[in-house]
Amino acid sequence: MEMLDEENSKKLEGLGNEHVLKRVREAIELCRPGRVTVITDSQEDIDYIRQLALKTGEEKPLSMEGHTVHFDGYHDQARDKGNTKYLLPKGMKISRYINSTEREAGLKEVLGFLDGSMEGKEMLVRFFCLGPLNSRFSLAALQITDSTYVCHSEDILYRKGYGHFKKLKNPRDFFFFLHSAGRLENGVSKDIDKRRIYIDLETNSVYSVNNQYAGNSVGLKKLAMRLAIKKASQKGWMTEHMFIMAAQGPQGRKTYFTGAFPSACGKTSTAMIPGQAIVADDIAYLRPWDDGTLHAVNVEQGIFGIIQDVNPRDDPLIYKALTTPRELILSNVLVVDGKPYWLGMGQELPEKGINYSGEWFKGKRGPDREEIPPANKNARYTIRLCELDNLDEKAEDPEGVPVSGFIFGGRDSDTSPPVAQSLSWGHGTLMAASLESETTAATLGAVGERKHCPMANLDFLSIPLGRYIRDYLGFGKKIQKPPLIFSVNYFLKDKGKFTNEILDKKVWLLWMEGRVHNEFGALKTPIGFIPEYQDLKKLFQEIFKKDYTREEYEKQFTIRIGKLLEKFQRIEKIYSEEEGMPEEFKRELESQKERLEQARKEYEEDEVPPSGFE
Ligand code: SPV
Ligand code: MN
């Protein structure tokens with residue numbers, strides 16, 4: 001192993017873990033890098049990565065101190081669902097939604113693409129801890145990559161774990177990620193047709209090659225999440241695509257919520273609502289706790305967030321963080337004279353500059369003949385949470401925070417009201433399992449198509465949907481004080497226009513906070529409890545000094561029975577074709593449809609205003 005010099009060998013051997021050594025050695029033999037660097041938790045090693053990302057050109061400095069920009073290739077701007085697959089024994093399938101390929105052949109294919117992939121490049125070996133350090137939640141993760149951008153991003157997004165690896169109780173118990181950007185051309189992955197992200201559940205390993213977009217390359221994000229979903233299901237806890245936040249009630253009261261939204265549907269901006277505190281913005285581990293509640297921790301310590309529409313009016317906290325000096329990476333934005341620009345930033349964009357297509361000018365068309373926007377719709381920022389003024393004091397607490405409410409939201413223009421509370425845990429599970437959303441630029445493919453997104457987690461499931469839902473139902477019984485379950489919809493339209501302002505989500509949040517403490521009444525409708533007019537009127541007045549009219553309320557909270565029945569017919573069809581669905585779930589779905597049909601009979605209308613339920 002001559003690429004591994006004495007200093008780096010020592011760092012590896014210092015862990016006293018033969019399984020780690022074996023995996024690193026195998027990776028070196030396979031990828032044949034020019035040199036290998038092992039990164040510990042020392043400041044010196046971390047600084048080295050930061051410098052290396054600039055030296056290799058994967059990141060370029062921007063004018064603002066600490067800010068850099070990275071570009072992914074033209075065809076590598078989002079998660080590649082088609083080429084992300086589980087490696088399974090012959091003849092086995094997880095679920096019809098879950099992409100998989102035969103293990104032996106898949107391994108051969110991906111290892112073939114990794115063979116020699118690091119020739120002339122530097123292999124970086126890094127250790128992380130998923131979840132807070134020294135916690136029941138902590139999971140160890142080993143990342144090997146030849147991308148300095150991946151390595152630097154992970155330094156911002158995850159907790160350093162070299163020290164954690166030294167203390168592993170079971171030396172085999174770590175997730176393993178091997179990534180190579182493959183051959184580069186102008187700094188970006190060239191062989192996009194050979195992009196593969198293959199997940200081996202048998203060995204808790206993921207192999208990713210010929211890509212750079214973080215959703216495909218950064219092992220610790222959605223790839224680790226897939227491994228953790230299976231682990232959680234086996235061990236009786238949960239891995240969810242959820243933010244965690246503290247809503248601020250009256251007299252300094254703090255109420256913790258988690259929220260699951262499909263990508264690009266308002267998840268980060270909910271977690272960042274002004275006046276509240278953030279714990280996590282994307283991924284949570286949750287465990288039934290000894291005090292009878294459910295506790296949650298942030299798997300990460302940073303945000304890989306969508307930058308589009310971050311502007312001083314709609315996202316003041318993030319906007320401020322992104323426009324002041326600190327360590328951060330912007331990706332796939334437009335750059336002119338060292339200044340970044342993005343869509344919806346609240347100012348005119350220049351007509352030329354550098355973007356993910358290289359030299360860009362207004363009207364430029366891509367290889368696909370599509371007009372190239374100044375910045376990608378899925379352009380992102382990577383930042384540490386501790387840089388934010390609104391980070392909750394318990395963000396690093398090894399015990400996590402007790403969760404009082406789950407919030408599920410999607411991009412739904414015509415069916416669900418802005419906020420509703422489920423009738424029970426079982427009904428809430430149905431609510432979450434029936435989430436539908438219009439597709440966005442966060443994944444490759446068409447946008448604006450209505451898709452079924454149970455728990456906003458379908459893209460990442462590594463267990464059958466039926467088992468996942470069975471687990472969910474089980475938590476409602478296992479936890480003494482289960483969280484209340486709510487749904488929100490920020491995207492409801494009336495005659496083509498949004499019925500709400502972007503910041504109205506603060507009202508819905510504080511209504512949910514009040515509901516947790518039995519402070520607001522509610523109207524019982526077939527799809528759950530909805531707010532009463534006078535409570536919202538008061539909240540809009542207090543929060544925005546806004547006169548919320550009854551007309552607005554009626555428009556937003558009319559129960560669209562016809563649309564809802566159509567929705568639940570779609571949902572019923574989907575689940576009738578899914579194997580292993582629990583009986584309890586089928587009953588919830590049946591009762592939901594019956595309540596809607598009953599209401600249609602009673603009111604003889606397709607739409608019933610909230611006053612109908614008083
Ligand atoms: C998402 O798409 O849900 C993200 C970004 O949070 S990615 O890293 O692509 O998963
Ligand atoms: Mn996400």
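A residue counts as near a molecule or strand if one of its heavy atoms lies within 4 Å of it. This is a predicted model, in which local features need pLDDT of at least 70, side-chain atom pairs count only at pLDDT 80 or more, and totals for chains, interfaces and linings use all residues. Residues are numbered from 1 along each chain as its sequence is written, and side-chain values use heavy atoms, leaving out hydrogens and water.

**View 1. The shell around ligand 1.** Here you meet the residues around ligand 1: Arg79, Tyr213, Gly215, Lys221, Lys222, His241, Ser263, Asp282, Phe304, Arg380 and Ala442. By class, three are nonpolar (Ala, Val, Leu, Ile, Met, Phe, Trp, Tyr, Cys or Pro), five are charged (Asp, Glu, Lys or Arg) and three are polar (the others, Gly among them). Ligand 1 lies between domain 1 (6-59 + 76-235) and domain 2 (239-301 + 393-613), because both give residues to its shell; the bounds come from an automatic or database domain assignment.

**View 2. Polar contacts to ligand 1.** A polar contact to the ligand is a pair of N or O atoms within 3.5 Å. Oxygen atoms of ligand 1 sit 2.9 Å from a polar side-chain atom of Tyr213, 3.0 Å from a side-chain N or O atom of Arg79 and 3.1 Å from one of Asp282. Taken alone, ligand 1 exposes 280 Å², and the protein buries 97% of that (Shrake-Rupley method, 1.4 Å probe).

**View 3. An open sheet of five strands.** Follow the order 2-3-21-26-20, with mixed pairing; strands are DSSP runs (E, at least two residues) numbered from the N terminus, and two pair if DSSP finds at least two bridges between them. Strand 2 (60-61) and strand 20 (302-306) form the edges. Strand 2 pairs with strand 3 (residues 67-70) in the antiparallel sense over two bridges, and Pro61 has Thr68 in strand 3 as its bridge partner.

Notes: Chains are lettered from A and ligands numbered from 1 in the order in which they are written. A polar contact is a pair of N or O atoms within 3.5 Å; within protein, one must be able to donate a hydrogen and the other to accept it, and residues adjacent in sequence count only if both atoms are side-chain atoms. Helices (H or I, at least four residues) and strands (E, at least two) are DSSP runs, numbered from the N terminus.
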